[in-house]
Amino acid sequence: MDAFLLQFLNGLDKGGAYALIALGLTLAFGTLGIVNFAHGALFMLGAFVAVSVNKLLTLEKVVLDPTRKTPWGEPVEIRTPYVETWLGDFGRFLVDWSVPVSIIAVIPVMLLIGVVMERGLIRHFYRRPHADQILVTFGLAIVLQEIVKHFFGANPIPQSAPAMFAGSADVGALFGLPPGTLVYPWWRLIYFLFAALVIAIVFAFLQFTTWGMVVRAGMRDRETVGLLGINIRRRFTTVFGIAAIVAGLAGAMYTPILPPDYHMGMEFLVLSFVVVVVGGMGSLPGAVLAGFLLGVLQSFSSMTEVKAILPGIDQIIIYLIAVIVLLTRPRGLLGRKGVMED
Amino acid sequence: MFGKTARQDWIFLAIFAAFVLSMPVTLAPIGAGYPDLLQKFAIYGLFAIGFNILFGLTGYLSFGHAAFLGVGSYAAVWVFKLLTVNAVPAVIFAVLVAGLFAAAIGYVSLRRAGIYFSILTLAFAQMSYNLAYSVLTPLTNGETGLQVQLLAQGPVTDYINQDVRILDQWLGVKEVGVPSPSLFGIEMSGWPGFYFAAVMLIAGMFIAQRIFRSSFGMMLRAIKSNQTRLNYTGVNPRPYLLAAFVISGMYAGLAGALLAVIDPLAGAERMQWTASGEVVLMTILGGVGTLLGPFLGAALIKYAENIFSAINEKILHATFAWLPDGLQNAVVEIAGLFVGKGWHLTLGLLFMLIVIFLPGGLMEGFERLMRLFRRRGGAHAEREG
Amino acid sequence: MAAVLRIEDVHKSFGGLRALWEVNLDVEEGRVHAIIGPNGAGKSTLLNCLIGRLTPDRGTVTFEGRPLIGRKPHEINQMGIARVFQTPEIFEELTLLENLMIPAMAKRDGAFRLNAWRRVTRRGELMEEAEHILEEVGLAEQRHRVSAALSRGDKRRLELAMCLIQHPKLLLLDEPTAGMSRADTNNTIDLLKRIGEKGITKVIIEHDMHVVFSLADTISVLARGTFIAHGKPDEIRNDPKVQEAYLGGVEA
């Protein structure tokens, strides 16, 4: 029972990341009709915004202390982050909370990247075949990756969660298990809640604002909305910006779970694409549902008991499910008729 | 299609064969006249030509063709281990295995079209890749890769590390150390390896040309053009598509086998989706749906990879030595982004530029140039070549 | 004369909407049978039930005594039924000659035949036939052009030629003159009359009364999902029920 529950929890945070990426992917696809293979790179960029914020916050002032010597006879260096010298305790707090704090930077930076991407490149591909869209965004993803690699190197850069959440929560206690039987890292729980929150905000935005209404209408019938005289181009840019922000947030908050490296985006992209297809191209609830579903299933399939019966299942479960879903429900779990059928 | 007569096709093939076989000499001035690189031209050229039979003619974009390349390599190495180091049985077996594998994957994937087809092929390739690293280790030797080993002395307990080579033993071939693949005694590394691959490339081009000009090829182009009409014309597109899929999978298997022939080591990284993406790029770069384009694309990418990744800071400084110091450093700094380890950045940019400005690839570029020179309105909008 | 195509008691509804009910029709061999009716009468639904795009909820459709329902489009074509669409469905990227070679090969080779070695151009008999048909529909000069470059009227002529090269027993025409100029319409009527002499059974779904009365031997009138009249053109012209359906066109 507790092992089962643990795997379920394990699946939730990964599922959260899948769901967030797939959400943006679907949003861009449903409204703009664009198949964006660079979406994984946006996830990766978000993670590196968090890395940069951390690097900025931990820029250190080096002072030599002549009174103390190292065993080699050199004066001891005292390193203090600038923010700490300037802001004292609050500065220390900022450094500790650098990952959540980076959200403040992630939103504008990702919005900017999204807008530039849409205006500069994506826009010109709305009327091109899907194969062209895939290829050009694939090229863009490689370019973004390589740029990040150039500045940050090829090795993963670990980030830490705030000290407050560093430990594990005794989740088992909530379910009446004896203490210590089911402990789970705080940050992963936080990530799940964060993902749920972002999803809720995006859905509320689409559901309750006129802006969102137009976007939803656009997902149903792009041409008609265009005919209504609504400035579609501006909205398209904004939609793409939002998709970029969501991907960026997903990436930034994921850094304490998975140390980011330059090619993390591609791995998540391939999986997220499968998620989108399983959920149903163009269906936002489908993307979220499939994201969590696949995350949890992937987690279950890595249980030793499962692997004993089906060796290697953990390696292929997501793709296997994609194949089964596509063959039995061609439009995905919640897909609508007429989306990408040719 | 009708614009090309049988005679023109033979001439094209003869020129192509002459060019391929003379590459060691003709490409020497641009620094490509050595076997390692030319082998890659031929092998990836074959891979791309085969991929184009599916993508170029039918428009079905497979994102999992590297799986067939990998399977071909594994199959070939197993033949080297179990039967003989002669390249011929290995190549034949690899092509058959890749064809069977493609038939199974194609049968399922072709139930869907468009992006769903792409995702299905991607899913199958990723599954193969992941399994090759995990459960299938007894067949693939996981991360280490499958290699030709010394002959077993005494009873065999471990086929990964002990080879038997039944056929060679039976023929009484003496082995000293670990043997390399050969063609009836000629070792298949260096120049002989290139010529072996080149002959395969020419044969592959010949077959592709026949397919392009045949009824089958025309049906495939009709599938790309209008499946509804084709259905109501009494044609069942599915078996045509499956045939194209299997044929292109066999080309990939052949390419994989050749990789194993020149270097008998098969690893799973050959099956990764980035490798599938690479063959798409080669085809697009050269020109989708053209005969010559995919080969050109493959050769260009392998050439550029070779050149760009070999350039280091020292070479850059030497190149820009004529610039004033400060400027020189700046230029080298920027140029350094694109070369050496940064070669992929150049590749990504190339990818984007081609898709944006030249969707028809190099072949379209040539055509535009020709038209510019001739200044004759061409009513024939044919893109073959 | 014997009925080639027989529709018996076909019903089809979409959700709660009854599109067709109690539809019965016999099409006799060698005849030109027109199906007319106001917009929304169910003409397209009926046609789609014939060619395997839609499955009726009830009823049977037989062609030469063999059932059509449940068969795939390419199987129906192989039985000898060809179809012209409302918007021409042709192979836009291919040349006119190639456009004709494909149906010719489908007729000769069946639904699938792997012929990957022999050059298409070596199949002389097929080439000749394609050239001949192009001549007949007046598109011979453009045989090497890409068909996307044709005018709409020419595209439809090409599509018709693609059906004719298969020598179908039954030709289904869905508004063959929709969107054509008067001159083009008259050309098409002449063409259809000429091929009529070859004895191909034709079912025409049409809006344009001029076309219907110039071509049809028999007319059936569909209104609100069922047939309200069958008869010779003159009988239909004077039938009060038909006039009411059209003039009182509430369901338009």
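The following conversation goes through a predicted model, its chain contacts and some of its local features.

Reader: Before anything else, what confidence does chain A average?
Author: This is a predicted model. Chain A averages a pLDDT of 83, and 94% of the residues score at least 70.

Reader: And what is the average for chain B?
Author: Chain B averages a pLDDT of 87, with 96% of the residues at 70 or above.

Reader: Where does pLDDT stay under 50 in these two chains?
Author: In chain A, pLDDT stays under 50 over residues 338-342, for which the model has eight contacts beyond four places in sequence. In chain B the stretch is residues 377-385, for which the model has 19 such contacts. Where pLDDT is low, the predicted coordinates should not be read in detail.

Reader: Turning to the interfaces, how many residues of chain A are in contact with chain B?
Author: On the chain A side there are 31 residues, in contact with 34 residues of chain B.

Reader: Which helices of chain A supply that side?
Author: Helices α6 (130-152), α12 (264-279) and α15 (313-328) of chain A each supply at least two residues. α6(A) gives the most, with 13 residues.

Reader: What is the make-up of that side by class?
Author: The side of chain A that touches chain B has 23 nonpolar, five polar and three charged residues.

Reader: Now chain B against chain C. How many residues are in contact there?
Author: 29 residues of chain B are in contact with 33 residues of chain C. On the chain B side, α8 (190-213), α9 (215-225), α10 (227-231) and α11 (237-262) each supply at least two residues. The largest share comes from α9(B), with seven residues.

Reader: And the classes on that side of chain B?
Author: There are 15 nonpolar, 10 polar and four charged residues on the side of chain B that touches chain C.

Reader: I have been looking at B:V246. Where does it sit, and is it buried or exposed?
Author: B:V246 is placed in helix α11 of chain B. It counts as buried because it has 22 C-beta neighbours inside 10 Å, and 20 or more is the cut-off for that label.

Reader: What does B:V246 touch?
Author: Leaving out residues up to four places away in sequence, B:V246 touches B:G99, B:A102, B:A103 and B:G106. Its C-alpha atom is also separated by 7.6 Å from that of B:L100, although the two residues are 146 apart along the chain.

Reader: Let us move to chain C. What is its overall build?
Author: Chain C has nine helices and 10 strands. Its C-alpha atoms fill a box of roughly 55 × 40 × 35 Å along the principal axes. Of its 252 residues, 44% count as buried.

Reader: Why does its radius of gyration agree with a compact globule?
Author: A compact globule of 252 residues would have a radius of gyration near 18 Å, and chain C has 19 Å, so the two agree. In addition, among contacts in chain C with a separation of 6 or more, 68% join residues 24 or more positions apart.

Reader: How are the strands of its sheet ordered?
Author: Six strands form an open sheet in the order β6-β7-β8-β3-β9-β10 (chain C), with mixed pairing. The edge strands of this sheet are β6 (81-84) and β10 (226-231) of chain C, each of which pairs on one side only. On average, neighbouring strands are turned by 20° against each other, direction ignored.

Reader: What are the partners of β8(C)?
Author: Strand β3 (residues 32-36) of chain C runs parallel to β8 (residues 201-205) and is joined to it by four bridges; here C:H33 stands opposite C:V203. β7(C) also pairs with β8(C) in the parallel sense, over five bridges, and C:L170 stands opposite C:T201.

Reader: How many residues of β8(C) are buried?
Author: Five of its five residues are buried. C:T201, C:V203 and C:I205 point one way from the strand, and C:K202 and C:I204 the other way.

Reader: Which helix packs on the sheet?
Author: Helix α1 (residues 43-50) of chain C packs on the sheet, touching β3, β7 (170-174), β8 and β9 (218-223) of chain C. Its direction makes about 150° with that of β7(C).

Reader: Finally, β1 of chain A: how many of its residues are buried?
Author: Zero of the 10 residues in strand β1 (residues 60-69) of chain A are buried. Seven bridges join β1(A) to the antiparallel strand β2 (residues 75-81) of chain A, with A:K61 opposite A:T80. The two strands form a hairpin with five residues between them, and A:G73 in the turn has a positive phi of about 85°.

Definitions and conventions: Residues numbered from 1 in each chain as written. Chains lettered and ligands numbered in written order. Predicted model: local features only at pLDDT ≥ 70, side-chain atom pairs only at ≥ 80, totals over all residues. Contact = placed C-beta atoms within 7 Å. Nonpolar A, V, L, I, M, F, W, Y, C, P; charged D, E, K, R; others polar. Rg over C-alpha atoms; globule rule 2.2 N^0.38 Å. Buried ≥ 20, exposed ≤ 12 C-beta atoms within 10 Å, placed from the backbone. pLDDT = per-residue confidence, 0-100. Pairing = 2+ DSSP bridges. Axes fitted to C-alpha atoms, helices over the stretch in contact; angles between N-to-C directions.
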